[in-house]
Amino acid sequence: MNTSTDCLPLDLFSLRQAYLDGTTTVSAVIRQTLARVKDFKNHNIWISLYAESTLMAQAKKLEGLNPHDLPLYGIPFAVKDNIDCAGLPTTAACPGFSYLPATSAFAVQRLLDAGAVLIGKTNMDQFATGLTGTRSPEPYGICKNALNPDYISGGSSSGSAVAVALSIVSFSLGTDTAGSGRVPAAFNNIVGLKPTRGLLSCSGVVPACKSLDCVSIFSPTLAEAEYLLDIVTAYDAHDSYARSDRQLLAADLTATAKLRFGVPKPEQLNFFGDAESQALFAQTVAKLQTLGEVVAIDFQPFLEAAALLYEGPWVAERYAGIRPFIETHPEQLHPVILEILAAAKTKNAIAAFDALHRLQQLKRQTTTLLQGLSCIVVPTAPRIYRIEDVLADPIRLNSNLGYYTNYMNLLDLAAVAIPADFYANGLPFGITLFSTALSDNRLLTIAKRFAGISGQPPTPSNSRYQRLAVCGAHLQGLPLNPQLLNLGARFYASTRTAAKYRLYALAIAPPERPGLVRDDHAGQSIDVEIWELPKENWANFISNIKSPLCIGSVEMVDGSWEYGFLCEPYPLDKSVDITQFGGWRNYLQNKA
């Protein structure tokens, strides 16, 4: 049994398959998770963690059960620290507010009942007020970006996003009132699903704006987000804002179905001076045009709704949610948050009703607009800032980050934030797809379509390793695998390509090797292994690769991209097509 903590893949589906195959144990996964917690201590990801003895006891209990019976058997996850978890304090990133809940939040308990293992509570912008991840006071500190610690991680669900991006846990829960489940996803190159408001229970969540709050999901891929949404979605009679209408719109879209995307008119896009963000979004729009029609829409009703969130009476709802604590312990609040909430005292009932009536008009306008579109696509955030810049100008720069997010829950919309491209400095650029309430599954389906054609480069490694997909003689136990091992490579995961490739047994000098060729029309899914090679040995490895083999971008079954072995087409007429075997190992076994 392989229990090396350097070799366990933490993506949900690979880890689940490893449990089902009996090639790892929950104890081994927990040991790796705790080791990675220590490895990234300087990122300020965690507020509290379960004791190792508690986690290992839970692992042993799970090991006595059948993994087939639990859809999240042994899958490690994290929870934002404004969501109750039995046995750990809830602080909302305010030490003086801390309390110990008797039970876990409804959504958390759904995951625990499915077999998931909760590692701990994550850092956040205090009281879920902010989009930067910099509003967490000592002793917690500023949570740093997973790809570059000089940059903000996004908030308020900062720690939850970074824990997933650094592969410390397989997924996490955040909350999203004004963008907190989407902006951190964009800045850390992961998926952030903001479900329809009221679809996931908010019982056991410290309110930000109780009428608008959502529990959100962070995951590495869209397929995992979809799987988790199905598990955690359930009606909670104790949640006063749970929806009674819960029938999700059909997600089925034929492969040839043309989509109709709305994007803001050029003059209504705002990147706050970042020309590279503007260029990346223009490239995204060009990719959308390969999937369907792109229509410029009037974005003004969305912007007007967004302004209501902090300039209107909803800031008073934030104040009301924690009013007893604010009025008795104002010194405990982060100074920026105290300044924001102070505006609540200037609001009155007349302003509240005026805003509600205007919001209802805006809802009607935007609902009518969305009925003619598959979805609307916007940048998740207009740009990304350095931590030092946000600390110097905390309110204005935070406000800029909400330009494309603040209206979502006010207008009762569903949204999913996904990776789209990368800046020249290696930081990620993300987009958000949104539509009417209960369109969650349909949005996930459309997002997968985009991921399939985006041609985005492989995800940068978050460590000193570069990932590589191998499909032939470099697989574990095969003749060329020592080339990887001798350069310090470590196994990461077994997976499959997208169903867009053909595999050939090449007529070249021993050892026998296959050639992987992309074929969008008649391709199939092919078995591959992902290895992590130390970056300092990357050039050494690829310098020994000879034609017809080469290294290129290979699309995985979940829509992500990895560097991997590909084959030039010129030797194929002398090669044997072995695609029907689904992989090199199967071909070798059949040949034997």
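Setting aside neighbours within four places in sequence, Ser-525 is in contact with Arg-496, Thr-497, Ala-498, Ala-499 and Gly-582. The model in which these contacts occur is a predicted one. Ser-525 is located in the loop that runs between β15 (514-518) and β16 (527-534). Its relative accessibility is 16%, and because buried means under 20%, Ser-525 counts as buried. One of the contacting residues also takes part in a polar contact: the side chain of Ser-525 reaches the backbone oxygen of Thr-497 at 2.6 Å. A further distance places this loop residue relative to Leu-503: the two are 22 residues apart in sequence, and their C-alpha atoms are 9.6 Å apart in space.

**The chain as a whole**

The chain contains 19 helices and 19 strands. Its radius of gyration is 24 Å, close to the 25 Å that the globule rule gives for 592 residues, so the chain is as compact as a globular protein of that length. Along the principal axes, the C-alpha atoms fill a box of roughly 80 × 55 × 45 Å. Of the 592 residues, 59% are buried. The chain exposes about 22700 Å², and carbon and sulfur atoms supply 53% of that area. Among contacts between residues at least 6 apart in sequence, 76% join residues at least 24 apart.

**Confidence in the model**

The average pLDDT of the chain is 91, and 96% of the residues score at least 70. Two stretches with a pLDDT below 50 deserve mention. Residues 1-6 form one of them, and beyond near neighbours in sequence this stretch has 17 contacts in the model. Residues 455-462 form another, with 27 contacts beyond near neighbours in sequence. Where pLDDT is low, the predicted coordinates should not be read in detail.

**Aromatic pairs**

A search of the whole structure finds 22 aromatic pairs. Two of them are set out below.

| Pair | Geometry | Centre to centre | Angle between planes |
|---|---|---|---|
| Phe-13 and Tyr-227 | edge-to-face | 5.4 Å | 75° |
| Phe-127 and Phe-325 | tilted | 6.0 Å | 55° |

Where in the chain do Phe-13 and Tyr-227 lie? Phe-13 belongs to helix α1 (residues 12-21) and Tyr-227 to helix α7 (residues 222-232), so their pairing ties together parts that are 214 residues apart in sequence. Phe-13 is partly exposed, with a relative accessible area of 36%. Tyr-227 is likewise partly exposed, its relative accessible area being 25%.

In the pair of Phe-127 and Phe-325, by contrast, both residues are buried. Phe-127 sits in the loop between β3 (117-122) and α5 (158-165), while Phe-325 sits in helix α11 (residues 323-328), so this pair ties together parts that are 198 residues apart in sequence.

Ring pairs also build a cluster, which links Phe-272, Phe-299, Phe-302, Tyr-403, Tyr-404, Tyr-407 and Phe-434.

**Helix α5 and its surroundings**

The loop that holds Phe-127 leads to α5. Eight of the eight residues of this helix are buried, so α5 is largely enclosed by the rest of the structure. The buried residues are Ser-158, Gly-159, Ser-160, Ala-161, Val-162, Ala-163, Val-164 and Ala-165. Which elements are included in what covers them? The cover includes the strands β1 (46-49), β2 (76-80), β3, β4 (171-175) and β6 (215-219), together with helix α6 (183-188). After α5 comes Ser-167, whose phi is positive, near 55°.

**Gln-483 in helix α17**

Gln-483 is found in helix α17 (residues 481-485). With a relative accessible area of 37%, Gln-483 is partly exposed. Apart from neighbours within four places in sequence, Gln-483 is in contact with His-474 and Phe-541. The contact with His-474 has a polar component, since the side chains of Gln-483 and His-474 are joined by a polar contact of 2.8 Å. How far from Gln-483 in space is Ala-447? The C-alpha atoms of Gln-483 and Ala-447 are 37 Å apart, and the two residues are 36 residues apart in sequence.

Conventions
Residues numbered from 1 in each chain as written. Heavy atoms only, no water. Phe/Tyr/Trp six-rings, centres within 6.5 Å; stacked < 30°, edge-to-face > 60°. Helix = DSSP H or I, 4+ residues; strand = E, 2+ residues; numbered from the N terminus. Buried < 20%, exposed > 50% of the residue type's maximum accessible area, 1.4 Å probe, protein only. Contact = heavy atoms within 4.5 Å. Polar contact = N/O pair within 3.5 Å; in protein donor to acceptor, adjacent residues only side chain to side chain. Rg over C-alpha atoms; globule rule 2.2 N^0.38 Å. Areas by Shrake-Rupley, 256 points an atom, 1.4 Å probe, with all protein chains shown as cover. pLDDT = per-residue confidence, 0-100.
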